[in-house]
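Me: I would like to learn how to read helix packing, empty space and backbone angles from a set of coordinates. Could we work through one structure together?

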Amino acid sequence: MLGPIFTIALYTVLEALRNRIAWVLGGLAVGAVALGGFVGQLALTESAALQAALLAALLRVCCVLLVAGFVATSVVREAADKGQELLLALAIPRAAYVLGKLAGFGLVALLPALLFGVMALMLAPAAWCAAWAVSLWCELWIVAAFCLLCVLTLGQVMAALAATLAFYLLARAIGSLQAMAQDAAQLPRMAIDALAAVLPHLDQFTRSEWLVYGGAQLAPLLAQSAIYVTLLGAAALFDFYRKDL
């Protein structure tokens, strides 16, 4: 089954490149450099640190929206063009299709992580940039896996994007919500703790201060990424198998 998974993953990356995702990333890079230069001119002190923090936050959000948008539109377009049915009519198990897509979207998520990790070398040491880029890749792959689950289940671009955006915002803010709920009543506090137990803690990923002060701890993030990508892939697979295609 590895052959079909590799082929589907490869064609997913080729589809991204044919959709000019490299041009979009290039445009983002140019815009980020221009914005960073402008902010650097405004800062009186620690201009490099301010540029690094601002660009890290801005590029992270742009990458999340870009990857989620590509995942949702790619799967829906393939289903509308009957490409999905054509693939499944071949001697390819549904698991190969889902796992191939998951691997392909993971490779697509690697493109912005590599590009913006290299860009960050202008503002921070190489080790800090490498940790930031690895964390960004993990974060984007979790978002891509959740969006794949949503689009296979819902079958609509807008619904899948809205659910993915809600998931991302909640996972990003869950640490702050837990801190704010410390003095709340028992029931809301238990509800937020229960939510935090099932969500990935994306607030610990790709932190802007890593490019300013360093200190990234990648091992817990890699473990979280492996767990959530596996779980989300398994959920997408379960939903895909129960569909009548």
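Me: How should I describe the packing of helix α6 and helix α10, and at what angle do their axes cross?

Reply: Two packed helices are described by the angle between their axes and by the distance between those axes. In this predicted model, the axes of α6, residues 126-154, and α10, residues 218-241, come within 9 Å and cross at roughly 15°. Angles under 35 degrees count as roughly parallel, and α6 and α10 are therefore roughly parallel to each other. The crossing of α6 and α10 is left-handed.

Me: Which words describe the orientation and the handedness of α1 and α5?

Reply: The axes of α1 and α5 come within 7 Å and cross at roughly 40°, so α1 and α5 are oblique to each other. Their crossing is right-handed, whereas that of α6 and α10 is left-handed.

Me: Which residues does UniProt list under "transmembrane region", and what is the status of the entry?

Reply: The entry is unreviewed, and under that heading UniProt lists residues 21-44, 50-75, 114-134, 141-170 and 221-241. Two of these spans can be set against the coordinates of the model. Residues 50-75 are 100% helix and 0% strand, with end C-alpha atoms 38 Å apart. Residues 221-241 are likewise 100% helix and 0% strand, and the end C-alpha atoms of that span lie 30 Å apart.

Me: Turning to empty space, how many cavities of 30 Å³ or more does a search of the whole structure find?

Reply: Rolling a probe the size of a water molecule over the atoms shows where empty space is left. Here the search of the whole structure finds 1 cavity of 30 Å³ or more, and about 90 Å³ of space lies in the largest cavity.

Me: Which residues line the largest cavity, and how do they divide by class?

Reply: The lining of the largest cavity consists of Q51, A52, L55, A56, L59, F116, M119, A120, L123, W132 and L211. By class, that lining has 10 nonpolar residues, 1 polar residue and no charged residues. Helices α3 (47-80) and α5 (94-119) each supply at least two of the lining residues, and the largest share, 5 residues, comes from α3.

Me: What is the volume of the largest pocket, and which residues are closest to its centre?

Reply: The largest pocket has a volume of about 310 Å³. It is lined by 16 residues, of which Y11, E15, E78, L87 and K101 are the closest to its centre.

Me: Which helices contribute to the lining of the largest pocket, and what is its make-up by class?

Reply: At least two lining residues come from each of α1 (2-18), α3 and α4 (83-89), while the largest share, 7 residues, is supplied by α1. The lining of the largest pocket divides into 6 nonpolar, 4 polar and 6 charged residues, whereas the lining of the largest cavity has no charged residues.

Me: Finally, what is the sign of phi at R20 and at T206, and where in the chain are R20 and T206?

Reply: Most residues other than glycine have a negative phi. R20, although it is not a glycine, has a positive phi of about 65°, and R20 is found in the loop between α1 and α2 (21-42). T206, also a residue other than glycine, has a positive phi near 45°, and its place is in the loop between α8 (186-198) and α9 (210-213).

Technical notes: Residues numbered from 1 in each chain as written. Predicted model: local features only at pLDDT ≥ 70, side-chain atom pairs only at ≥ 80, totals over all residues. Heavy atoms only, no water. 1 Å grid on protein atoms, 1.4 Å probe; cavity = no way out; pocket = protein on both sides within 12 Å on 5 of 7 lines; lining within 4 Å. Points joined across faces, edges and corners; volume = space filled by probe spheres on them. Helix = DSSP H or I, 4+ residues; strand = E, 2+ residues; numbered from the N terminus. Nonpolar A, V, L, I, M, F, W, Y, C, P; charged D, E, K, R; others polar. UniProt positions renumbered as here; feature names shortened; annotations may be inferred. Axes fitted to C-alpha atoms, helices over the stretch in contact; angles between N-to-C directions. Parallel < 35°, antiparallel > 145°, perpendicular 65-115°, else oblique. Left-handed = near helix turned anticlockwise from the far one by under 90°.
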